[in-house]
Amino acid sequence: MAKVFRSLNRVNTRDCSVGLLAAFILVSLMYVTMPRTNTMRVSMASSQLLPVLKVNASMTSGDSIRQEASAKAAEIGKSSPVVHVEIPGKGSPNESGGTKAEKKPMCDRSNRKSDICEADGDVRIIGKDTRMVFVAPPQSNDNGEGESWTIKPYARKWAADSGARVREVTLKSVHGYGEDTRCSVNHTVPALVFAIGGWTGNFFHDFADVLVPLFETAYPFGGEVQFLLANMNPPWMDKYRPFFQKLSRYEIIEYDNDDAVRCFKHVTLGLRCSSVEDFQMEPSKSPHGYTMFDFAKFARSVFSLESEHPSRVGEQSDKKPRLMIITRARTRRLVNAEEIVQMAAEVGYEVVITEADPDVSKFSRIVNSCDVLMGVHGSALTNMIFLPTDAVVIQVVPWGNMDWAAGHHFRDPSKQMKLKYLEYSINEEETTLSELYPRDHAVFKDPLSLHRQGWATYARIFLREQNVRLNVTRFRPFLERALGLLRQEQRE
């Protein structure tokens, strides 16, 4: 029995030694592999956060907008030319068993009106060379040089002549950087690069091509964005500086003459246009659902305009509604303006007759004090942006089948701004073209045939040679109707 016990004792001791050795090896393996697993998780999380812009709390909505916009661009890009850069830490296994990096759209050229590029990460702007460099992360699997994209950051790309005075800007993805692209200034807020050349200087295009798209693009940043402007025009900038100061807390950088290498974590090149139509927005395509009504409220806030709604008029008030008649000094003039003023006073208006003032701050206050705005089709009607909500716009449409221009530029935008709209189209007797052309001329018999001859012919005849002599008897019901709309709005 003692021999058997000793034999069993030897067996148990040997087995226990093997078990202890196996347990030690298993624990050692766990100890070695756990830190690697944790490190891998941290690296993956960090790589996923690389393209995300980190700024203060006011940027939260802007980040969300950019993510939604990127998703939309990716969807559109299936049938559109898109520049891609690689982002590490995401993707699906490749043939070798590793992870293949996904590609994120950088530039979206699908919009008819404006190209727009987005870059997150290490972005370096060299203004004097009109180029931007995106330094791809070292984890990127692309061994060659990245792609590049060149655009004119002005929101009217479909009109070739409008871009003649706009500098091109090139955005390129690279691996590593040369001595000439070492950061000389590091910025903590995103950058927005765009141009104010093109057709700016015309009041309508100042808004349609720059200020409205700028609002759509910059407003989500809550002031935490750095503007870099190409084609800087100091007098133009002085005129509209309050708009820029309302959208950014930082001094504007003149892109064209900037010697610094400026480094950003997020850059937007170009301006966003939710609508391909001028002076309009399309909420369903806007990342934040912005409307022209939102822009109108913003524009009034820029100059701290007080009137949000028209004055109360009617039997219970001695106050007369204010009618602004915008006159034109050279083309499409109201040649019988005094007669119109007298008739308007008989209808019951306090009349303000004036030309548009280049001092936007001053003129916006006059417009905002009025209840009805009327004028012949032209850029001065853009001032309706400063009218109180539910005020009335009366557009006088010149002779020459100009219905499309009238609707596209002012009828549709006015309704989007929640303004009441009336349209008066003059007849053959009310145009001064009757003094220049016989009644059997194409000007009267077939105006559209002149449209087909091109912009030069159309503009020369219908926009520059024509003035307007309103038939006050025929026009009077429109002023009466406007008064009725104001009273109706009060009752509602």
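**A walk from helix α5 to the largest pocket**

Where α5 starts, a side-chain oxygen of T291 comes to within 3.3 Å of the backbone nitrogen of F293. This is a predicted model. The helix itself covers residues 292–302. Is α5 mostly covered or exposed? It is mostly covered, with 8 of its 11 residues buried. They are M292, F293, F295, A296, F298, A299, R300 and V302. These buried residues pack against four helices: α3 (203–218), α4 (234–247), α7 (360–368) and α8 (403–416). After α5 comes S304, with a positive phi near 50°.

F293 deserves a second look. Its backbone nitrogen faces the T291 oxygen, and F293 is among the buried residues of α5. K418 lies over the face of the F293 ring, at 4.2 Å from the ring centre. A second charge sits over a ring elsewhere. The charged end of R112 is placed over W158, 4.9 Å from the centre of the ring.

Next, the aromatic rings. How many aromatic pairs does a search of the whole structure find? The search finds 30. Take F207 and F243: the ring centres are 5.8 Å apart and the planes stand at 90°, so this pair is edge-to-face. F207 belongs to helix α3 and F243 to helix α4, and the pair links distant parts of the chain, 36 residues apart. Both helices are packing partners of the buried residues of α5. F207 is buried, at a relative accessible area of 0%. F243 is buried too, at 1%.

Y458 and F462 form another aromatic pair, this one tilted, with 6.0 Å from centre to centre and 50° between the planes. Both residues sit in helix α11 (residues 455–464), 4 residues apart, or about one turn of the helix. Why can such a spacing bring two side chains to one side? An α-helix has 3.6 residues a turn, so residues three or four places apart point the same way. Y458 counts as buried at 10% relative accessibility. F462 counts as buried at 0%.

Helix α11 also leads to the largest pocket. The elements that give two or more residues to its lining are α3, β12, α8 and α11. The pocket has a volume of about 1400 Å³. Its lining comprises 44 residues. Which of them lie nearest its centre? They are N202, H205, R332, W455 and L463.

Two loop residues complete the tour. T432 is in the loop between β16 (420–425) and α9 (442–445). Is T432 buried or exposed? T432 counts as buried, because its relative accessibility is 8% and the cut-off is under 20%. The T432 side chain reaches the backbone nitrogen of N467 at 2.8 Å. Neighbours within four places in sequence aside, T432 is in contact with E465, Q466, N467, V468 and R469.

N336 occupies another loop, between β12 (322–327) and α6 (337–347). N336 is buried as well, with a relative accessible area of 10%. With neighbours within four places in sequence again left out, the contacts of N336 are V468, R469, L470 and V472. V468 and R469 therefore touch both loop residues, since they are in contact with T432 and also with N336, each of which is buried.

Technical notes
Residues are numbered from 1 along each chain as its sequence is written. This is a predicted model: local features need pLDDT of at least 70, side-chain atom pairs count only at pLDDT 80 or more; totals for chains, interfaces and linings use all residues. Side-chain values use heavy atoms; hydrogens and water are left out. Buried means under 20% relative accessible area, exposed over 50%, partly exposed in between (1.4 Å probe, protein chains only). Contact means heavy atoms within 4.5 Å. A polar contact is a pair of N or O atoms within 3.5 Å; within protein, one must be able to donate a hydrogen and the other to accept it, and residues adjacent in sequence count only if both atoms are side-chain atoms. Rings of Phe, Tyr and Trp (its six-membered ring) pair if their centres lie within 6.5 Å; planes under 30 degrees apart count as stacked, over 60 as edge-to-face and the rest as tilted. A charge sits over a ring if NZ of Lys or CZ of Arg is within 6 Å of the ring centre and within 35 degrees of the ring normal. On a 1 Å grid over the protein atoms alone, a cavity is a set of points where a 1.4 Å probe fits but cannot get out, and a pocket is an open set with protein on both sides within 12 Å along at least five of seven lines; lining residues have an atom within 4 Å of a point. Grid points are joined across faces, edges and corners, and a volume is the space filled by probe spheres set on the points.
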